Amino acid sequence: MGARIIDGKAVSTLVRSEVKEDVEQFIAEHSTSPGLATVLVGDDPASHVYVGNKIKACEEAGIRSIHHGLPADVSQAELLSLVSELNADDAVDGILVQMPLPDHLDQDPVVAAIDPSKDVDGLTATSAGLLAQGRPRLVPCTPLGVMRLLAEADVEVSGASAVVVGRSILVGRPMAALLTNASATVTVCHSRTRDLGSVCAQADILIAAVGSPHTVEGTWVKPGAAVIDVGINRTDSGLVGDVDFDAAVERAGAITPVPGGVGPMTIAMLLRNTLAAASSLRRSAA
Ligand code: NAP
């Protein structure tokens, strides 16, 4: 095995303890803690686990969580009305609507209704536009976590050739924007990319956010490259990423495992974003 393993669990523990300290300072200054509202529609077991983990992580960091569980048959109007109440509530600094929503609900208007200053998932058009313009405010948690992993692994981003496989609003696009803002030369690939392997082989930094097991082959990895695997795929043999880890680890300079790589960073950055939103809201109120 050649590559250094980038330990996302250790980095996420570090970020969470930093946030906890910063929250203590926030409470000392403002006599209140930052508040995150979580909205969960329906009974999807995986979503319940995700939201439960986020609430637990908030508690550990000293962040208040305000949970709203809505029935699976809630109407679009009722959901939008809750978002608008949360926008107006001074005790709420961040709003997280757990996706996916049940089929009868339209996700886009719900995201659009979130006040961008409370958009801790960084999914509104305002957040995405500011990031694309190089003046980010609240940035999607997973790509933000990837940037922290690269920094902790001492990967030089400025001037590097970076390839991002995937162009979703949640991961691929904000990832490409963050790398561009950090002065990498960025190529974004997707399902129509021709000869994906030869594009990946140019990458000093290779990010896989595809959602299909082992799409990125070991021979596509440039020797010495940093490989970040965002994918989380449930298979019969357990959780695997989008990269063929066993082959890629032989060529990469540094690589994230799945699990234990990018996954733990997402919640840590959600805590960071909630504190950032709370601090910025207090500054604008002052
Ligand atoms: P997504 O919305 O389904 O987007 C997948 C992207 O991959 C699309 O842009 C798609 O291209 C591209 N793609 C699909 N098959 C491809 C192929 N064979 N070759 C090249 N590109 C291909 O998924 P996502 O939300 O970005 O998530 C990606 C993965 O990250 C999933 O496994 C997800 O579970 C995981 N994830 C992990 C975390 C975490 O906390 N670690 C957070 C979020 C997501 P088109 O645009 O052309 O369709």
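This passage looks at how three pairs of helices pack in a predicted model and at the residues around its ligand.

The model is predicted, with local features requiring pLDDT of at least 70 and side-chain atom pairs counting only at pLDDT 80 or more, while totals for chains, interfaces and linings use all residues. Residues are numbered from 1 along each chain as its sequence is written, and side-chain values use heavy atoms, with hydrogens and water left out.

A good place to start is helix α1 (residues 8–30); helices here are DSSP runs (H or I, at least four residues), numbered from the N terminus. The axes of α1 and α10 come within 9 Å and cross at roughly 20°, where axes are lines fitted to C-alpha atoms over the stretch in contact and angles run from 0 to 180 degrees between N-to-C directions. The two helices α1 and α10 are therefore roughly parallel to each other (angles under 35 degrees count as roughly parallel, over 145 as roughly antiparallel, 65 to 115 as roughly perpendicular and the rest as oblique). The crossing of α1 over α10 is left-handed, meaning that the near helix is turned anticlockwise from the far one by less than a right angle, with clockwise giving a right-handed crossing. Among the residues in contact (heavy atoms within 4.5 Å) are Val15, Val19 and Phe26 of α1 and Ile267, Leu271 and Leu275 of α10. This contact of α1 with α10 has 13 nonpolar, four polar and six charged residues; Ala, Val, Leu, Ile, Met, Phe, Trp, Tyr, Cys and Pro count as nonpolar, Asp, Glu, Lys and Arg as charged, and the others, Gly among them, as polar.

Helix α1 also packs against helix α6 (residues 141–152), at an angle of about 105° and with the axes 11 Å apart. Helices α1 and α6 are therefore roughly perpendicular to each other. On the α1 side the contact involves Gly8, Val11, Leu14, Val15 and Glu18, and on the α6 side Arg148, Leu149 and Glu152.

Helix α10 (residues 263–285) has a further partner in helix α2 (residues 45–61), their axes coming within 10 Å and crossing at roughly 55°. This makes α2 and α10 oblique to each other, and the crossing is right-handed.

Turning to the ligand, 21 residues surround it, of which Arg167, Ser168, Ser191, Ile232 and Thr266 come nearest (a residue is near if one of its heavy atoms lies within 4 Å). A side-chain N or O atom of Arg167 is 2.7 Å from a ligand oxygen atom. For Ser168, a polar side-chain atom lies 2.5 Å from an oxygen atom of the ligand.

Conventions
A polar contact is a pair of N or O atoms within 3.5 Å; within protein, one must be able to donate a hydrogen and the other to accept it, and residues adjacent in sequence count only if both atoms are side-chain atoms.
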